[in-house]
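Biologist: I should be grateful for a close look at a single part of this protein. Please take one residue and the elements around it, and describe them in a connected way.

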Amino acid sequence: MVDAFSVAFRLCKPALDAIAPNDSLPPVAPALPATWQCDLSDNSLQWSPGVFDLFGIRRDARLDRRAIARMYLAESRELMERLRAAAIANRTAFTMEAQIRRADGALRWMRLSADVICSGGRVTHLYGSKQDITAEWHIS
């Protein structure tokens, strides 16, 4: 079975490879969207390399959704959790801007887009993109 995350990652991988040969990105990566997926059966996360970079987490790190959610600043986390719950309940997509504190303590703004995957009439996965938009917030 091919899932949306795998397809999106395969489509983005050539661009990511062009930016990040040898798996190294500068601290602020170019603002390309990166893909993610959450399996709702166990809340496990799959991230493309760009999401790891956005959050400042090693690409081989084990992901825990609760720990990742705590990286969102309180107001952003509360909004994200409300929109996430509504998306699951109503089988709808959402987009929001959120502020996170990276593993190294730096603050970043990101655009989070999410949609649902349904099977048998129920939502089984959330997936989408995350994009660093910090530079947009620093424009006067």
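Modeller: The account below begins with isoleucine 88 and then turns to the sheet beside its helix. Please note that the model is a predicted one. Isoleucine 88 belongs to helix α4, which covers residues 74-90. Its relative accessibility is 28%, and because buried means under 20% and exposed over 50%, isoleucine 88 is classed as partly exposed. Leaving aside residues up to four places away in sequence, isoleucine 88 is in contact with Leu40, Val123 and Leu126. A further point of reference is cysteine 118, which is 30 residues from isoleucine 88 along the chain; the C-alpha atoms of these two residues are 9.5 Å apart.

The sheet itself is open and consists of five strands, arranged in the order β2-β1-β5-β4-β3 with antiparallel pairing. Its edges are formed by β2 (44-47) and β3 (94-101); each has a single partner strand, and therefore one side of each lacks a neighbour in the sheet. On average, and with direction ignored, neighbouring strands are turned by 25° against each other.

Within this sheet, strand β1 (residues 34-39) pairs with strand β5 (residues 122-132) in the antiparallel sense, over six bridges. In that pairing, alanine 34 has lysine 130 of β5 as its bridge partner. Helix α4 packs on the sheet and touches β1, β3, β4 (107-119) and β5. The direction of helix α4 makes an angle of about 150° with that of β3. Two of the residues that isoleucine 88 touches, Val123 and Leu126, lie within the range of β5, residues 122-132.

Methods: Residues are numbered from 1 along each chain as its sequence is written. This is a predicted model: local features need pLDDT of at least 70, side-chain atom pairs count only at pLDDT 80 or more; totals for chains, interfaces and linings use all residues. Side-chain values use heavy atoms; hydrogens and water are left out. Helices (H or I, at least four residues) and strands (E, at least two) are DSSP runs, numbered from the N terminus. Buried means under 20% relative accessible area, exposed over 50%, partly exposed in between (1.4 Å probe, protein chains only). Contact means heavy atoms within 4.5 Å. Two strands pair if DSSP finds at least two bridges between them. Axes are lines fitted to C-alpha atoms, for helices over the stretch in contact, and angles run from 0 to 180 degrees between N-to-C directions.
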